[in-house]
Amino acid sequence: MKDKIEEILKYVKSAIETVQTSAEAQALRVEILGKNGKLTELFRFMKQVPAEERQAMGQLLNNAKNEADMIISAKETFLSDSELNEKLMKEKIDVTLDLNEDEIGALHPVTLDFMRIAEILTGMGFSQIDGPEIEYDKYNFELVNVPKDHPSRDMQDSLYITPEILMRTQTSNTQPRAMENIRPPFKVFTFGRVFRKDDIDATHTPAFYQLEGIYVDKKVGLADLKHDLSLILKKYLGESTKTKFRASYFPFTEPSVEVDAECNICKGKGCPACNGAGQYEILGAGMIHPHVLEMNGIDPNIYSGYAFGFGFDRFPKMRYKIPNAKVMFENDIRFLKQFK
Ligand code: PHE
C-alpha cells in the first residue's frame with residue numbers, strides 16, 4: 001500500500017507538468033481525489049491493513065491526499081488567474097473610442113415640452129417647486145379636503161405602500177406642501193410623475209405626468225384664473241387651438257372648472273388618441289377651497305387663490321402626434337431617437 005501511495009504521488013507530480021488549462025487541472029483532481037479517484041480508492045483498502053499498521057498507514061494516506069491536493073490546487077489557481085487575465089485583456093473596452101454622433105442621447109418629448117411650458121410660466125411670475133412622488137396620505141388627500149372615506153377618493157385609484165403612505169395620485173400634494181413652506185403671496189408650479197392603478201391602453205398608463213400651478217394672493221378671483229389659463233394655453237398650444245372651459249368638481253377647489261382642447265391629431269373628427277371624442281380633457285382647475293387654505297394655515301378672509309393641474313403627457317402626445325401613451329414610458333431607443 002505504501003508503494004501504491006508513492007506511485008500515485010509520483011504520477012501526480014509528473015502529470016501536473018503537462019497540465020495546460022484549469023480544466024485539465026480539474027480533471028486531474030477528479031482522477032486522483034474524486035469520488036472514485038486513485039487516492040480515494042485506497043481508503044477503501046484500509047480495512048485490509050493489519051490493525052497495528054492501520055494508524056500509521058492512515059496518516060500516510062491522509063498526508064498524501066493533502067499533498068496531492070496542494071499540488072493540483074496551486075496549478076489550478078495559477079491557471080485560472082492567468083486565463084481570467086487573458087480574457088480581460090481580450091475583452092477590454094476602449095473607453096476613448098470615438099462615438100458616432102448619431103448615438104448621442106436626446107431629451108424625452110415630455111422633458112422637451114415641460115421646458116417650453118416652464119419658460120411660459122416663469123415669464124408670468126411663477127417659480128418652480130418640487131414635491132415627493134412617495135407621499136403621505138395627509139398631503140395627497142387630507143389637506144386638500146379629501147378626508148378618509150370621502151367618496152371622491154374613488155376618483156383616483158391609489159397605489160398605497162402603507163395605510164399612511166402612497167404613490168402620489170396627483171401633483172396637488174404640492175398645494176399643502178407649498179402652503180406649509182411659503183407665506184402668501186406666492187405663485188408656484190411643479191411638474192412630475194403621479195401614479196394610479198390603471199390598465200394600459202392608448203390613453204392610460206399607471207404612471208403619468210402632471211403639471212400643477214398654484215397662485216395665492218389677496219383678491220385672486222375666477223377672472224384671474226380664466227385669464228391666466230387662457231394665456232398659458234394660447235402661448236403653449238398655439239393661438240389657433242380651440243379650448244373650452246366647463247364647470248366641474250374637485251374637492252379642493254370651489255368653483256371648479258375643466259378645460260378641453262381640440263385634438264390636433266384628428267382636428268376634432270375623433271381618433272384613437274382622443275378616444276374618438278375629437279377633443280382632450282386637458283386640465284382641471286378652480287379657486288382653492290377656503291377650507292384648504294384654512295387647514296394649511298392661510299386665512300381665507302384675507303387670501304384667496306387658484307390652482308390648476310394638467311395631465312401633462314397629453315401635450316407631447318398632441319404636439320408630436322403620438323397615438324399611444326405607452327411609448328412614452330418604454331424608453332425604446334427608436335422612439336426617443338425621433339426627438340433630436
Ligand atoms: N389634481 C386634479 C387631478 O388630478 C387636478 C386639479 C388640480 C384640479 C388643481 C383642480 C386644481 O385630477
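User: What makes the protein a chain with domain 1 and domain 2, and where do the bounds of each lie?
Analyst: In this predicted model, the domain assignment gives domain 1 as residues 2-90 and domain 2 as residues 109-339. Such bounds come from an automatic or database domain assignment. The C-alpha centres of domain 1 and domain 2 lie 73 Å apart.

User: Which residues are the closest to the ligand, and how many surround it?
Analyst: The ligand is surrounded by 15 residues, and the closest are Q170, S172, R196, Q210 and G309. A residue is near a molecule if one of its heavy atoms lies within 4 Å of it.

User: Why is the pair formed by Q170 and a nitrogen atom of the ligand called a polar contact?
Analyst: A polar side-chain atom of Q170 lies 2.7 Å from a nitrogen atom of the ligand. The cut-off for a pair of N or O atoms is 3.5 Å, so this pair is a polar contact.

User: What makes R196 and Q210 polar contacts of the ligand?
Analyst: An N or O atom in the side chain of R196 is 2.9 Å from an oxygen atom of the ligand. For Q210, a side-chain N or O atom is 2.9 Å from an oxygen atom of the ligand. Both pairs are within 3.5 Å and therefore count as polar contacts. The protein covers 91% of the 320 Å² of accessible area that the ligand has on its own.

User: Where does the ligand sit, and on what criterion does that rest?
Analyst: The ligand sits in the largest pocket. The criterion is that more than half of the atoms of a molecule lie within 2 Å of the grid points of the pocket.

User: Which strands supply at least two residues each to the shell around the ligand?
Analyst: These are β6 (207-217), β9 (279-288) and β10 (304-311). The largest share, three residues, comes from β10. By class, the shell has five nonpolar, eight polar and two charged residues.

User: How do you know which form, cis or trans, the peptide bonds from P184 to P185 and from E254 to P255 take?
Analyst: From P184 to P185, omega is near 5° and the bond is cis; P185 is placed in the loop between α7 (174-181) and β5 (186-195). From E254 to P255, omega is near -5° and the bond is likewise cis. P255 is found in strand β8, residues 253-262.

User: What is notable about the phi of K267?
Analyst: K267 has a positive phi of about 55°, although K267 is not a glycine. The residue lies in the loop between β8 and β9.

Terms used: Residues numbered from 1 in each chain as written. Predicted model: local features only at pLDDT ≥ 70, side-chain atom pairs only at ≥ 80, totals over all residues. Heavy atoms only, no water. Polar contact = N/O pair within 3.5 Å; in protein donor to acceptor, adjacent residues only side chain to side chain. Areas by Shrake-Rupley, 256 points an atom, 1.4 Å probe, with all protein chains shown as cover. 1 Å grid on protein atoms, 1.4 Å probe; cavity = no way out; pocket = protein on both sides within 12 Å on 5 of 7 lines; lining within 4 Å. Helix = DSSP H or I, 4+ residues; strand = E, 2+ residues; numbered from the N terminus. Nonpolar A, V, L, I, M, F, W, Y, C, P; charged D, E, K, R; others polar.
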